[in-house]
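Colleague: Please take one strand of this model and describe it closely, together with the side chains that meet there and the links that lead away from it. A first-year student will read the answer, so please explain each step in order.

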Amino acid sequence: EVQLQASGGGLVQPGGSLRLSCVASGSAFGAYGIGWFRQAPGKEREGVSCITGRSGNIYYADSVKGRFTLSRDNVKNTVHLQMNSLKPEDTAVYYCARDALVYGGSSCFTNRRRYWGQGTLVTVSS
C-alpha cells in the first residue's frame with residue numbers, strides 16, 4: 001500500500017510562513033495527482049492545492065491563491081506546500097493525499113479514491 005508522510009506543521013503568528021512536506025512511497029510518482037487538503041475543527045475537509053498527474057497542472061483554492069505555492073519533486077517522491085502570509089483561518093490539520101489511479105481529468109480536487117497521509121497540524125495564532 002502507498003504510504004504518505006506529512007510534516008512541517010507547527011505554530012506560527014499571523015503573517016508568518018510554513019513549508020509542509022509530503023513523502024510518498026511507490027513508483028511512478030509523477031503519474032499520479034497529489035495534493036493537500038485541510039480540515040479545521042467543526043468544518044468539512046476542503047482541498048487546498050493539488051497537482052495533476054502527467055500534465056502537472058496546479059490548482060489552488062480561492063482562499064489561498066497568491067499565498068500558497070505547491071511544488072513537486074518526482075525524483076524524491078515529494079511534494080511541498082509553501083505557505084506565506086498565513087491567517088488564523090488557515091488553522092487546520094493538513095493532509096497529503098495521492099490519487100490511487102492515474103486519472104485523465106482536468107481537476108485534481110474531484111472526489112476519487114486516494115491514499116492519505118496522517119496529517120500535520122498548522123496553528124496560526126498571535
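Modeller: A strand here is a DSSP run of E with at least two residues, and strands are numbered from the N terminus. With that term in hand, the strand to examine is β9. The model is a predicted one.

Let us begin with Asp-99, which is found in strand β9. Its relative accessibility is 3%, and because buried means under 20%, Asp-99 counts as buried. The side chain of Asp-99 has two arginine partners to consider. A polar contact of 3.2 Å joins it to the side chain of Arg-112, and another, of 3.4 Å, joins it to the side chain of Arg-114. When neighbours within four places in sequence are left aside, the residues in contact with Asp-99 include Tyr-32, Gly-33, Arg-113 and Tyr-115.

The next residue to consider is Cys-96, which forms a disulfide with Cys-22. A disulfide is a covalent bond between the sulfur atoms of two cysteines. In this pair the sulfur atoms are 2.1 Å apart. The torsion about the S-S bond is about -80 degrees, so the disulfide of Cys-22 and Cys-96 is left-handed. Cys-22 lies in strand β3 (residues 18-24) and Cys-96 in strand β9, so the bond ties together parts that are 74 residues apart in sequence. Both Cys-22 and Cys-96 are buried.

Cys-22 also leads to Asn-77. Among the residues in contact with Asn-77, beyond its neighbours within four places in sequence, are Cys-22, Val-23, Ala-24 and Phe-29. Asn-77 has its place in the loop between β7 (68-73) and β8 (78-83). At 15% relative accessibility, Asn-77 counts as buried, because that value is under 20%.

We now turn to the aromatic residues. The structure holds 3 aromatic pairs. In one of them, the ring centres of Phe-37 and Phe-109 are 6.1 Å apart and the planes stand at 75 degrees; angles over 60 count as edge-to-face, so this pair is edge-to-face. Phe-37 is in strand β4 (residues 34-39), whereas Phe-109 is in the loop between β9 (92-99) and β10 (114-116), and the pair thereby links parts of the chain 72 residues apart. Phe-37 is buried, at a relative accessible area of 6%, while Phe-109 is partly exposed, at 28%.

Tyr-95 and Trp-116 form another aromatic pair, with 6.5 Å from centre to centre and 80 degrees between the planes, again edge-to-face. Tyr-95 lies in strand β9 and Trp-116 in strand β10, so the pair ties together parts that are 21 residues apart in sequence. Tyr-95 is buried, with a relative accessible area of 17%, and Trp-116 is partly exposed, with 35%. Phe-37, Tyr-95, Phe-109 and Trp-116 form one aromatic cluster.

A charged side chain also belongs to this picture. Arg-45 lies over the face of Tyr-95, at 4.6 Å from the ring centre, and over the face of Trp-116, at 4.1 Å from the ring centre.

The loop that follows strand β9 brings in a further bond, since the structure holds 2 disulfides. Cys-50 and Cys-108 form a disulfide with sulfur atoms 1.9 Å apart. With 80 degrees about the S-S bond, the link of Cys-50 and Cys-108 is right-handed. Cys-50 lies in strand β5 (residues 46-51) and Cys-108 in the loop between β9 and β10, so this bond ties together parts that are 58 residues apart in sequence. Both Cys-50 and Cys-108 are buried. If the bonded cysteines of the protein chain are numbered in sequence order, the pairing is 1-3, 2-4.

Finally, Tyr-59 touches residues already met. It is found in strand β6 (residues 58-60) and is partly exposed, with a relative accessible area of 28%. Leaving aside neighbours within four places in sequence, Tyr-59 is in contact with several residues, including Cys-50, Cys-108 and Phe-109. By C-alpha positions, Tyr-59 and Ala-31 are 16 Å apart in space and 28 residues apart in sequence.

To gather the account of strand β9: Asp-99 is found there, Cys-96 lies there as the partner of Cys-22 in strand β3, and Tyr-95 lies there as the partner of Trp-116 in strand β10.

How values were computed. Residues numbered from 1 in each chain as written. Predicted model: local features only at pLDDT ≥ 70, side-chain atom pairs only at ≥ 80, totals over all residues. Heavy atoms only, no water. Phe/Tyr/Trp six-rings, centres within 6.5 Å; stacked < 30°, edge-to-face > 60°. Helix = DSSP H or I, 4+ residues; strand = E, 2+ residues; numbered from the N terminus. Buried < 20%, exposed > 50% of the residue type's maximum accessible area, 1.4 Å probe, protein only. Lys NZ or Arg CZ within 6 Å of the ring centre and 35° of its normal. Contact = heavy atoms within 4.5 Å. Disulfide = S-S within 2.5 Å. Polar contact = N/O pair within 3.5 Å; in protein donor to acceptor, adjacent residues only side chain to side chain.
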